[in-house]
Amino acid sequence: MPELPEVEHSRRDLERWIRRATIVATKGEGKFALPSLRGRRIETVERRGKWIRIVLSDATLLFNHHGMTGEWKRSDEPLRWERASLVVEKNGKRTRVAYVDPRKFGRLVVAREDIPSWSALGPDPLEHGIDAKALADKLARRRKRSIKEALMDQSVLAGVGNIQATEALWKARIDPRSPAGALAKKHVTAVIKGLRWTIARTLDDLDVGFVIYGHKGEPCPRCKTTLVRIVLGGRTTTFCPGCQERLRARP
DNA sequence: ATTATTGTTGGTAG
DNA sequence: TCTACCAACAATAA
């Protein structure tokens, strides 16, 4: 469940469950192995893009990425596909949280300093907002990249994935194949509005459903043209050939 | 049996 | 140094 809105929900869950609590035990194997961390207090649970950064009392940092199928659950019993767990205590009450990840694309990293994957992230749409000028500059530099692939580049904006990019471009009425460098200022503005729209509505209700993602073959909700599915950068892309304008590279 | 899946990364090539 | 492309990672679900 892993684009910005889902990860933000996960962050809020963790904040409620374990913030200001003290770690009693940790568990994890293989690529999800964890050091003891016993006795450290959990100070903050932060997020940037799709990454979560948990800051502990001795300044140790616990980074987590959900990959494709990762999620945190609160459970006293071991869960199917559980890869790691934390037991914490606050006011004498114990809480156990489990990191579950069937496909194991996620990451758990303990470090003393920010890791490169975190540091390389572009601005977070929720945390920092989206600056039109800065975004336009970054897109302009990616001349040959499609706008959809550019939006999914985590150094452009942190947290935009396949679904949010697909939905935002539909809202902005821009064909996802358009070269990123072909967007004029008004197009960038429209993309920003589209991103704010899709992120907000997913954040508000994770089960609200998507407007065009996964709806190939169905009529466009806006113009009734049949939605099509293509592959861009190896990722499924849905769009409406009727009302999403294909922009051409500008000289 | 085949195909597709909300993501990143490391290697390669230009 | 920067951009672009792709296979690899893994376990289902249709």
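In the predicted model, Lys-104 occupies the loop that joins strand 7 (93-100) to strand 8 (107-111). The backbone of Lys-104 has a phi near 60°, a positive value in a residue other than glycine. Because its relative accessibility is 41%, Lys-104 counts as partly exposed. Lys-104 is also among the residues that surround DNA strand C.

The surroundings of DNA strand C comprise, besides Lys-104, the residues Arg-80, Trp-81, Pro-102, Arg-103, Phe-105, Arg-141, Arg-142, Lys-144 and Arg-145. Of the atoms of DNA strand C that come within 4 Å of the protein, 61% belong to sugar and phosphate. By class, this surface contains 7 charged and 3 nonpolar residues, with no polar ones. Individual polar contacts involve both the backbone of the nucleic acid and a base. A side-chain N or O atom of Arg-80 is 3.3 Å from a phosphate oxygen of DNA strand C, and a backbone N or O atom of Lys-144 lies 3.3 Å from a phosphate oxygen of that strand. Arg-103, by contrast, addresses a base: an N or O atom in its side chain is 2.5 Å from a base nitrogen of DNA strand C.

DNA strand B is surrounded by 20 residues, of which the closest are Lys-50, Ser-117, Tyr-213, Arg-235 and Thr-236. Among the atoms of DNA strand B within 4 Å of the protein, sugar or phosphate provides 68%, and bases provide the rest. The residues of this surface fall into 7 charged, 7 polar and 6 nonpolar. Two elements, helix 5 (162-171) and strand 10 (235-239), each contribute at least two residues to the surface near DNA strand B. Phosphate oxygens of DNA strand B are approached by two side chains: a polar atom of His-65 lies 3.0 Å from one such oxygen, and a polar side-chain atom of Arg-235 likewise lies 3.0 Å from a phosphate oxygen. Pro-2 takes part through its backbone, with an N or O atom 3.3 Å from a base oxygen of DNA strand B.

Helix 5, one of the elements that supply the surface near DNA strand B, is mostly covered within the protein, with 9 of its 10 residues buried. The buried positions are Asn-162, Ile-163, Gln-164, Ala-165, Thr-166, Glu-167, Ala-168, Leu-169 and Trp-170. Their cover includes helix 1, helix 4 (147-152), helix 6 (185-204) and strand 10. Strand 10 thus appears both in the cover of helix 5 and in the surface near DNA strand B.

After helix 5 comes Arg-173, located in the loop between helix 5 and helix 6. The phi of Arg-173 is positive, near 60°, in a residue other than glycine. With a relative accessibility of 44%, Arg-173 counts as partly exposed. On the far side of this loop, helix 6 contains His-187. His-187 counts as buried because its relative accessibility is 12%, which is under the 20% limit for a buried residue. Apart from neighbours within four places in sequence, the contacts of His-187 are Ile-174, Ala-182, Glu-245 and Leu-247.

Helix 1, part of the cover of helix 5, spans residues 4-18 and contains 15 residues. From its first C-alpha to its last, helix 1 reaches 21 Å, close to the 21 Å expected at 1.5 Å a residue. Its buried residues are Leu-4, Pro-5, Glu-6, Val-7, Glu-8, Ser-10, Arg-11, Leu-14, Trp-17 and Ile-18. Arg-20, just after helix 1, adopts a positive phi of about 70°.

At the level of the whole chain, chain A is divided into domain 1 (4-119) and domain 2 (132-239). The contact between them takes 10 residues from domain 1 and 11 residues from domain 2. The centres of the two domains, taken over C-alpha atoms, are separated by 30 Å.

Notes: Residues numbered from 1 in each chain as written. Chains lettered and ligands numbered in written order. Predicted model: local features only at pLDDT ≥ 70, side-chain atom pairs only at ≥ 80, totals over all residues. Heavy atoms only, no water. Near = heavy atom within 4 Å. Polar contact = N/O pair within 3.5 Å; in protein donor to acceptor, adjacent residues only side chain to side chain. Helix = DSSP H or I, 4+ residues; strand = E, 2+ residues; numbered from the N terminus. Nonpolar A, V, L, I, M, F, W, Y, C, P; charged D, E, K, R; others polar. Expected span 1.5 Å × (residues − 1). Buried < 20%, exposed > 50% of the residue type's maximum accessible area, 1.4 Å probe, protein only. Domains from an automatic or database assignment. Contact = heavy atoms within 4.5 Å.
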